[in-house]
Amino acid sequence: MSSPTGPANGLPVRMPRPRQTGRHRRPEPAVAPEGAPALVLAVPGAPSASSLGLAEEIISIGRSELPGLDARVGFLDGDDATEFPSLSGVLTAVAQDRAARAEFARAAGHEVPAPTGPDAVVVPLLAGPDGDLLRRMRQALMDSSAAAELADALGPHPLLAEGLHVRLSEAGLARADRARLFSVTTAADGIILATTGGEEAVKAAGITGMLLAARLAVPVMAAALDEEGSVAATADQLRREGSAQLALAPYLIGPEAAEGLLDTACKEAGCSAAEVLGAYPALGKLAVTQYSAALGIPQGAAAH
């Protein structure tokens, strides 16, 4: 038994904060509507413990952005008999869970409205529109028994430019911000923004590249990691235009790139590279943004 000042056994208890009033009060966080579709994060590439951990971290951030969110992870190349379930298998499970909840409610005598909207919204764990991977994700939707929608990739977006800047600064390849005047002897004066997914992905990366260039005040050019000679040609162009010290910024979350691609690209360009975006915190927020956009849920407003 507990009291307003704490539990009977003397252990501390977290009490709710009083709600702030006036114009400086923080807005109430949005919450997922009751019965809302699941968010299924679609993870490309070979399944592994590291990619599962990455996806779960992004999902955890997403749940903090939208409390009550039913969020799950499905692997494009997964196996339902392992800890890395396939995207189609996860979607089928989501549909079955939704039907089971409705049946349980009916058995308990509750009136169950007809379901509206999809069973799930699939959010690709991709920084940009990789056409081949998105086609495979659409096929996985068709192979499942769920009514599901495929959201857009996470970028281009200013938050991804921020993440790229952070990764470059962590590697000592860019200043953390313009206000800091300390010398960074390895700071690059030209950035290769390397992505996968063909011409469309390179164009989309170029949009984020313009935002990154504005942050760093150095030229940024996008190149295709999975197109032979693209990174080297981009490096040559930057050098012809006056950049002497280049850096490669992977416009990648991580799992979507084949092993060894980044190392090969760095050798071709003769430059150092930052780390991939990985579990940069903004990715969880962007996943919820794409989920909400697919469902027409207003951002920053609580759903009732």
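**Cysteines and salt bridges**

Reader: Let's start with cysteine 271: is it buried or exposed?
Author: Its relative accessible area comes to 13%. Buried means under 20% relative accessible area, exposed means over 50%, and partly exposed is in between (1.4 Å probe, protein chains only). So cysteine 271 counts as buried.

Reader: And what is left out of the side-chain values here?
Author: First off, this is a predicted model, where local features need pLDDT of at least 70, side-chain atom pairs count only at pLDDT 80 or more, and totals for chains, interfaces and linings use all residues. Residues are numbered from 1 along each chain as its sequence is written, while side-chain values use heavy atoms and leave out hydrogens and water.

Reader: How many disulfides are there?
Author: A disulfide is a covalent bond between the sulfur atoms of two cysteines. Here, a pair counts if the two cysteine sulfur atoms are within 2.5 Å. The closest cysteine sulfur to that of cysteine 271 is in cysteine 266, 5.1 Å away, which is too far for a bond. The disulfide count is 0.

Reader: How many salt bridges are there, then?
Author: A salt bridge needs a side-chain nitrogen of Lys or Arg within 4 Å of a carboxyl oxygen of Asp or Glu. Three linked residues, Asp70, Arg72 and Asp97, form a network of them. In total, the salt bridge count is 6.

Reader: How many residues apart in sequence are the parts that aspartate 77 and arginine 136 tie together?
Author: These two form a salt bridge, with their closest N and O atoms 2.4 Å apart. Aspartate 77 is in the loop between β4 and α2, while arginine 136 is in helix α3. Helices (H or I, at least four residues) and strands (E, at least two) are DSSP runs, numbered from the N terminus. So the pair ties together parts whose separation in residues is 59.

Reader: Which helix holds arginine 98, the partner of aspartate 119?
Author: Their side chains meet in a salt bridge at 3.0 Å, N to O. Aspartate 119 sits in the loop between α2 and β5, and arginine 98 is in helix α2. Aspartate 119 is buried at 14% relative accessible area, and arginine 98 is buried at 16%. The helix you're after is α2.

Reader: Is glutamate 170 buried or exposed?
Author: Glutamate 170 pairs with arginine 167 in a salt bridge (3.1 Å, N to O), and both lie in helix α4, about one turn apart. Arginine 167 is buried at 15% relative accessibility. Glutamate 170, at 56%, is exposed.
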